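Here are a few short exercises to work through with the structure open beside you. Try each task before reading its solution.

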Amino acid sequence: MNKKFIILCIIIGFSFSLLILFIYKKNNINNVEDTKIYLLQAGAFKDYDNAVKLTKSLQTYTVIKEDMLYKVYVSVARSKTNAEKLKVFYNNMGNNIYIRVQIINDKKFNDILSKYDELISETNDKNTLLTLSRELLKKYKEME
């Protein structure tokens with residue numbers, strides 16, 4: 001009787017471990033890996049009014065409060081190459097842009113950013129880059 005009881009306990013324990021493994025894998029499939037993105041920042045201010053003053057000289061921007069500061073972003077990129085390209089583009093327009101790396105975990109935004117990043121890499125047209133930046137900033141703000 002002891003042998004049957006021990007075997008039954010082993011089978012039950014094994015069955016529960018398989019069940020837990022199945023549930024874990026099912027829930028983990030939907031998780032997105034962390035993704036590095038590049039935010040092009042024009043400024044960071046303690047005072048909101050100062051952030052607004054800066055935006056008057058920008059054609060594209062969003063202001064987001066992070067870490068007790070109002071940060072002014074002009075674009076977002078997925079690749080470092082495109083971030084550098086956009087930095088030069090905005091600097092040539094008279095801005096002083098800082099590239100800030102951020103980690104995100106949002107599949108929808110990541111997919112959108114990948115598509116926009118392809119478009120950014122294929123163009124040097126000022127209006128196209130401004131439009132892409134404007135749309136990306138809207139999507140980024142929605143994600144926040």
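**Exercise 1. Which residues have the most contacts inside the largest nonpolar core?**

Step 1. Begin with the ground rules. This is a predicted model, in which local features need pLDDT of at least 70 and side-chain atom pairs count only at pLDDT 80 or more, while totals for chains, interfaces and linings use all residues. Residues are numbered from 1 along each chain as its sequence is written, and side-chain values use heavy atoms, with hydrogens and water left out.

Step 2. Fix the terms. A nonpolar core is a set of buried Ala, Val, Leu, Ile, Met, Phe, Trp, Tyr and Cys residues joined through side-chain atoms within 4.5 Å. Buried means under 20% relative accessible area, exposed over 50%, and partly exposed in between (1.4 Å probe, protein chains only).

Step 3. Read off the result. The largest nonpolar core has 33 residues, and those with the most contacts inside it are Ile37, Val74, Val76, Leu86, Tyr90, Phe109 and Tyr140.

Step 4. See who contributes. At least two residues of this core come from each of β1, β2, β3, α3 (80-92), β4, α4 (107-122) and α5. These labels number DSSP runs from the N terminus: helices are H or I with at least four residues, strands E with at least two.

Step 5. Zoom in on isoleucine 37. Leaving aside residues up to four places away in sequence, its contacts (heavy atoms within 4.5 Å) include Val76, Phe109, Leu113 and Tyr140.

**Exercise 2. Work out the strand order of the sheet and place helix α5 against it.**

Step 1. Four strands form an open, antiparallel sheet in the order β2-β3-β1-β4; two strands pair if DSSP finds at least two bridges between them.

Step 2. At the edges are β2 (62-66) and β4 (98-104), each pairing on one side only.

Step 3. Now look at one pairing. Seven antiparallel bridges join β1 (residues 35-45) to β3 (residues 69-77), and tyrosine 38 stands opposite alanine 77 in β3.

Step 4. Add the helix. Helix α5 (residues 126-143) lies across β1, β2, β3 and β4, running at about 125° to β3. Axes are lines fitted to C-alpha atoms, for helices over the stretch in contact, and angles run from 0 to 180 degrees between N-to-C directions.

**Exercise 3. Describe how tyrosine 73 and tyrosine 140 form an aromatic pair.**

Step 1. Rings of Phe, Tyr and Trp (its six-membered ring) pair if their centres lie within 6.5 Å; planes under 30 degrees apart count as stacked, over 60 as edge-to-face and the rest as tilted.

Step 2. The structure holds four aromatic pairs. Tyrosine 73 and tyrosine 140 are edge-to-face, at 6.2 Å centre to centre and 80° between the planes.

Step 3. Tyrosine 73 lies in strand β3 and tyrosine 140 in helix α5, so the pair ties together parts that are 67 residues apart in sequence. Both tyrosines are buried, and Tyr73, Phe109 and Tyr140 form one aromatic cluster.

**Exercise 4. Is arginine 100 buried or exposed, and which residue meets its side chain in a salt bridge?**

Step 1. Arginine 100 is buried, with a relative accessible area of 16%.

Step 2. A salt bridge is a side-chain nitrogen of Lys or Arg within 4 Å of a carboxyl oxygen of Asp or Glu. Arginine 100 meets glutamate 66 in one (3.0 Å, N to O).

Step 3. This pair links strand β4, home of arginine 100, to strand β2, home of glutamate 66, 34 residues apart. Glutamate 66 is buried at 11% relative accessibility.
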